[in-house]
Amino acid sequence: MAVQISPSILSADFARLADAADAVAEAADWLHVDVMDNHFVPNLTIGRPVVESLLAATRLPVDCHLMIEDPDRWAPGYAEAGAGSVTFHVEAAHAPIRLARTLRAAGARAGMALKPATPIEPYADLLGELDMVLLMTVEPGFGGQRFLDVVLPKIRRARTLLRDGEHNVWLQVDGGVDEDTIERCAEAGADVFVAGNAVYAASDPGDAVQRLRTVAEKATADAWWSTA
Ligand code: DX5
Ligand code: ZN
C-alpha cells in the first residue's frame, strides 16, 4: 500500500477553506476534515453544511474524521453528502458493525478511530468490516499538540493484526505528525498520515505535503511490515 497524506484543515484559516484545499490539491491524496461537536471532545468545529460546500469546492476526496457523540445517527449523512471516507470513534459508537456497513452502503470508505488509550485488540474481529483504522497519536480535540510516542506499540500491534488478516485495511495516524514523527509512524506500520500544523503552518503547504511523503516513503521501504 502506497503512502497517503491527508492534510487536516483544522490548522487552516476557516474563513478560507477553499483556498486551503487548493493549496494541497496537487500534492495530497485526501483532505482531512475534523468534525467536532463540543461533547465527544471539548472543541467545536464544522458540520455537514460546510463539508458539502467543501466537496463542491475541491476535487480532492474528503476524509471526514467525526469526533462526535452518537455517530450512529450522524455519520451516514456525511457519506450521503459524498465524503470519500467517513471515520467514527469506536468509543462513541453504539453499533460499530452496523454503522460501518451503513457507511459502505452509502458509498463511503468506513473508518474506525481509537483514542490513544483505547486498545485495538477487542476490535480484531471487526477489521474486515472496515476500510481504515485511525489511531489517534494525540488526545483528539485540537491541532498542534505533541505526538504521543506511547501509541507506537499499538501501531505495530495493529499492523500485525492487519497483516495477519486477509483484508486490505488502511492504518491512519492523526495528531502531532510532522517530518520527524512521521518516520516513526511509518516504521511502526501506518500508511495514511494526517498532518495539520506540519502542512498549514508551513509557508508552502503543497511543498510540506511532498516533504512528509518523501520521509514516509523512505521509512516504509525499510520497514519490517512492508512487502515492498
Ligand atoms: C485533532 C484532529 C487532527 C488535527 C491534527 O483532534 O483530529 O486531525 O488537526 O493536527 P496536528 O497535525 O497539528 O496535530
Ligand atoms: Zn483528525
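A residue counts as buried when its relative accessible area is under 20%. By that cut-off, six of the six residues of strand 3 are buried, so strand 3 is largely enclosed by the rest of the structure. The model described here is predicted.

The sheet around this strand is open and has eight strands. Their order is 1-8-7-6-5-4-3-2, and the pairing is parallel. Strand 1 (4-7) and strand 2 (31-36) form the edges, each pairing on one side only. Neighbouring strands are turned by 25° against each other on average, direction ignored. In general, strands of a sheet pair through backbone hydrogen bonds, either parallel or antiparallel.

Strand 3 spans residues 62-67. Its side chains divide between two directions. Val62, Cys64 and Leu66 point one way, whereas Asp63, His65 and Met67 point the other way. All of these residues are buried.

Strand 3 pairs with strand 2 in the parallel sense over six bridges. Within this pairing, valine 33 has cysteine 64 of strand 3 as its bridge partner. Strand 3 also pairs in the parallel sense with strand 4 (residues 85-89), over four bridges. Here the bridge partner of cysteine 64 is valine 86 in strand 4. Histidine 65 stands opposite threonine 87, also a residue of strand 4.

Helical connections link these strands. Strand 2, helix 2 (residues 48-57) and strand 3 make a β-α-β unit, which is right-handed. From strand 3 the chain passes through helix 3 to strand 4, and this β-α-β crossover is right-handed. Helix 3 (residues 71-81) packs on the sheet and touches strand 2, strand 3 and strand 4. The direction of helix 3 makes about 170° with that of strand 4.

A zinc ion (ligand 2) is bound in part by residues of these strands. Its protein donors are His32 (NE2), Asp34 (OD), His65 (ND1) and Asp174 (OD). They lie 2.0 to 2.3 Å from the ion. The spacing of the donor residues in sequence is H-x1-D-x30-H-x108-D. Aspartate 34 belongs to strand 2 and histidine 65 to strand 3, so this pair ties together parts that are 31 residues apart in sequence. Aspartate 34 and histidine 65 are both buried.

Six donor atoms surround the zinc ion (ligand 2). The angles they subtend run from 72 to 172°, which makes the arrangement octahedral. Six donors count as octahedral if opposite donors are over 155 degrees apart and all others between 65 and 115. For comparison, ideal angles for six octahedral donors are 90 or 180 degrees.

Two residues in loops have an unusual backbone setting for discussion. Asparagine 38 has a positive phi of about 70° although it is not a glycine. Asparagine 38 is found in the loop between strand 2 and helix 2. With a relative accessibility of 43%, asparagine 38 counts as partly exposed. Aspartate 70 likewise is not a glycine, yet has a positive phi, of about 50°. The loop that holds aspartate 70 runs between strand 3 and helix 3. Aspartate 70 counts as partly exposed, at 26% relative accessibility.

Threonine 58 sits in the loop between helix 2 and strand 3. Its relative accessible area is 13%, so threonine 58 is buried. Leaving aside residues up to four places away in sequence, threonine 58 touches Ala21 and Leu31. Alanine 21 is 37 residues from threonine 58 along the chain, and their C-alpha atoms are separated by 6.4 Å.

Threonine 220 has its place in helix 8 (residues 205-221). It is buried, with a relative accessible area of 9%. The contacts of threonine 220 are Val3, Ala186, Trp225 and Ser226, again not counting residues up to four places away in sequence.

Glutamate 166 lies in the loop between helix 5 (152-164) and strand 7 (170-174). At 75% relative accessibility, glutamate 166 counts as exposed. Glycine 128 is 38 residues from glutamate 166 in sequence, and the two are 8.1 Å apart in space, C-alpha to C-alpha.

Conventions. Residues numbered from 1 in each chain as written. Chains lettered and ligands numbered in written order. Predicted model: local features only at pLDDT ≥ 70, side-chain atom pairs only at ≥ 80, totals over all residues. Heavy atoms only, no water. Pairing = 2+ DSSP bridges. Axes fitted to C-alpha atoms, helices over the stretch in contact; angles between N-to-C directions. Contact = heavy atoms within 4.5 Å. Buried < 20%, exposed > 50% of the residue type's maximum accessible area, 1.4 Å probe, protein only. Right-handed = clockwise from strand over helix to strand, strands pointing away. Donors = N, O, S within 2.8 Å, 3.2 Å for Na, K, Ca; no water. Tetrahedral: all angles 85-135°; square planar, octahedral: opposite > 155°, others 65-115°.
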